[in-house]
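Please examine the sequence and the three-dimensional structure shown here. The explanation below is best read with both in view.

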Amino acid sequence: MKAARFHEVKKPLRIEDVPFREPGPEELLVRIRASGICHSDLHAMDGVIPYGSTPITPGHEGAGVVEKIGANIQDLKVGDHVVLRFVMSCGACAPCVQGTDNLCKKLRFLGFEENGTFAEYATVPSRHAIQLPNSISFEQGAIIGCAVVTPMHAMNIARVRPGSSVAIFGLGGVGIHAIQMSKIFGAAEIFAVDISDAKLSLAKSFGATYTINGSKEEAIDKIKRFTDGTGADFAFEFIGLPITQTQAINSVKRGGTVTLVGIPRQPLNIDLKYLLTNEIQLRTSFDHTRAEVDDVISLVETGRLDLSKSVSHKLPLEKVNEGIDILRNNTGDPIRIVVVP
Ligand code: PAD
Ligand code: ZN
């Protein structure tokens with residue numbers, strides 16, 4: 001099969017012919033129909049997040065069709081559409097049983113430690129394939145697996161309450177979905193911050209109350225101005241830069257909650273005394289749980305979450321490096337870029 005392979009840090013992926021692995025008794029062979037490019041893939045290719053072993057096939061946001069099933073599989077059949085979960089939890093340890101399978105003791109990551117979805121086929125344990133209703137496209141199914149479910153987990157971590165004000169920093173493939181997700185969680189006012197006017201206007205169309213171009217306006221001042229000088233109840237950072245992490249911290253009111261989601265590329269200096277004396281709750285959000293994927297699929301299926309504008313670019317797998325460059329350079333206002341084998 002054709003696959004895009006990582007060999008060396010800061011080098012393009014190589015399109016190669018590699019054999020696919022036959023599925024074991026508990027596994028599936030999935031014909032990949034769409035795979036999203038996430039900024040986390042760029043972090044891994046840059047050496048910020050380590051791959052388990054190399055060479056490896058990256059890609060952790062995939063959807064496709066079950067092509068072959070292992071001898072013990074009963075809940076899925078050949079021809080079923082599935083979303084692949086890159087959070088490969090064991091299902092048996094204490095965190096898994098308690099519903100926090102993103103903190104599994106034996107966690108492995110598809111596309112980082114196991115060959116992923118930038119390929120024609122992926123072989124995965126069946127418990128990491130979640131049935132996708134035929135009414136949802138493969139492109140939308142693919143991005144559900146990371147870009148859409150990540151903000152849902154972040155909102156659950158923060159415990160966003162109905163009627164609250166929420167500030168979202170970063171409106172890329174992941175952060176843009178936090179706008180609609182805030183509405184679903186009942187937010188009354190949403191501040192959307194980015195440096196791209198196109199992403200800000202998309203956020204507005206999804207229900208952002210105020211948009212702020214961080215390269216032209218002071219985000220904290222504007223958020224305070226529209227919250228009677230106090231700040232937002234909740235802030236989320238979906239970029240991973242100290243400057244925007246600090247802005248998020250300073251944009252919430254006393255007693256507010258800040259949730260960091262963007263993978264940090266540099267350390268952050270935190271004024272702990274400021275947090276403590278203002279009782280600001282600092283939280284972090286890592287990936288998602290299986291139940292949250294089911295919840296997102298239901299929201300899309302019932303029309304409460306609109307993913308029709310989420311995929312901005314669709315490229316053949318052979319052009320995956322072009323997609324990676326577009327995302328890295330943030331040119332052409334990419335939301336999610338999807339590759340199709
Ligand atoms: P992306 O590149 O699509 O989006 C980043 C956005 O940030 C873009 O819209 C930029 O315009 C915007 N931006 C950049 N600099 C600034 C700035 N100074 N001020 C305001 N906006 C700015 O990335 P993504 O959405 O794929 O991923 C975002 C981060 O989230 C990235 O670090 C990724 O690794 C991380 C991530 N974390 C998890 C998790 O579970 N914690 C899961 C998935 C992705
Ligand atoms: Zn991702």
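The paragraphs that follow treat the sheets, the metal site, two backbone features and a pocket in turn. The model is predicted, and the description should be read in that light.

Strands of a sheet pair through backbone hydrogen bonds, in either a parallel or an antiparallel manner. Both arrangements can be followed here. Six strands make up an open sheet with parallel pairing, and their order is β12-β11-β10-β13-β14-β15. The edges of this sheet are occupied by β12 (210-213) and β15 (281-284); each has a single partner strand, so one side of each is left without a neighbour in the sheet. From one strand to the next, the twist averages 15°.

Within this sheet, strand β10 (residues 165-169) runs parallel to strand β11 (residues 189-194), and five bridges join the two. In this pairing, Ser 165 has Glu 189 of β11 opposite to it. Helix α7 (residues 242-251) lies across four strands, namely β10, β13 (232-237), β14 (252-260) and β15. Relative to β14, the helix runs at about 150°.

Antiparallel pairing appears elsewhere in the chain. Strand β3 (residues 27-37) is joined to β4 by seven bridges, and the two run antiparallel. β4 is also joined to strand β5 (residues 81-84), by three bridges and again in antiparallel fashion. Ala 63 takes part in both pairings: Ala 63 is the bridge partner in β4 of Ala 34, and Ala 63 stands opposite Val 83 in β5.

Which residues hold the zinc ion (ligand 2) as its protein donors? They are Cys 38 through SG, His 60 through NE2 and Cys 146 through SG, at 2.0 to 2.4 Å from the ion. Along the sequence, these donor residues follow the spacing C-x21-H-x85-C. The pair of His 60 and Cys 146 links distant parts of the chain, since the two are 86 residues apart. His 60 belongs to the loop between α1 (39-45) and β4 (62-69), whereas Cys 146 belongs to helix α3 (residues 138-158).

The loop between α1 and β4 also contains Pro 55. Thr 54 and Pro 55 are joined by a cis peptide bond, with omega at about -5°. A further backbone feature is found at Arg 159, in the loop between α3 and β10. Although Arg 159 is not a glycine, its phi is positive, at about 60°.

Rolling a probe the size of a water molecule over the atoms shows where empty space is left. The second largest pocket has a volume of about 270 Å³. Its lining comprises 17 residues, and those nearest the centre of the pocket are Arg 21, Glu 114, Asn 115, Ala 122 and Thr 123. Strand β8 (residues 121-125) gives the most to this lining, contributing four residues. Classified by type, the lining holds nine nonpolar, four polar and four charged residues.

Notes. Residues numbered from 1 in each chain as written. Chains lettered and ligands numbered in written order. Predicted model: local features only at pLDDT ≥ 70, side-chain atom pairs only at ≥ 80, totals over all residues. Heavy atoms only, no water. 1 Å grid on protein atoms, 1.4 Å probe; cavity = no way out; pocket = protein on both sides within 12 Å on 5 of 7 lines; lining within 4 Å. Points joined across faces, edges and corners; volume = space filled by probe spheres on them. Nonpolar A, V, L, I, M, F, W, Y, C, P; charged D, E, K, R; others polar. Pairing = 2+ DSSP bridges. Axes fitted to C-alpha atoms, helices over the stretch in contact; angles between N-to-C directions. Contact = heavy atoms within 4.5 Å. Donors = N, O, S within 2.8 Å, 3.2 Å for Na, K, Ca; no water.
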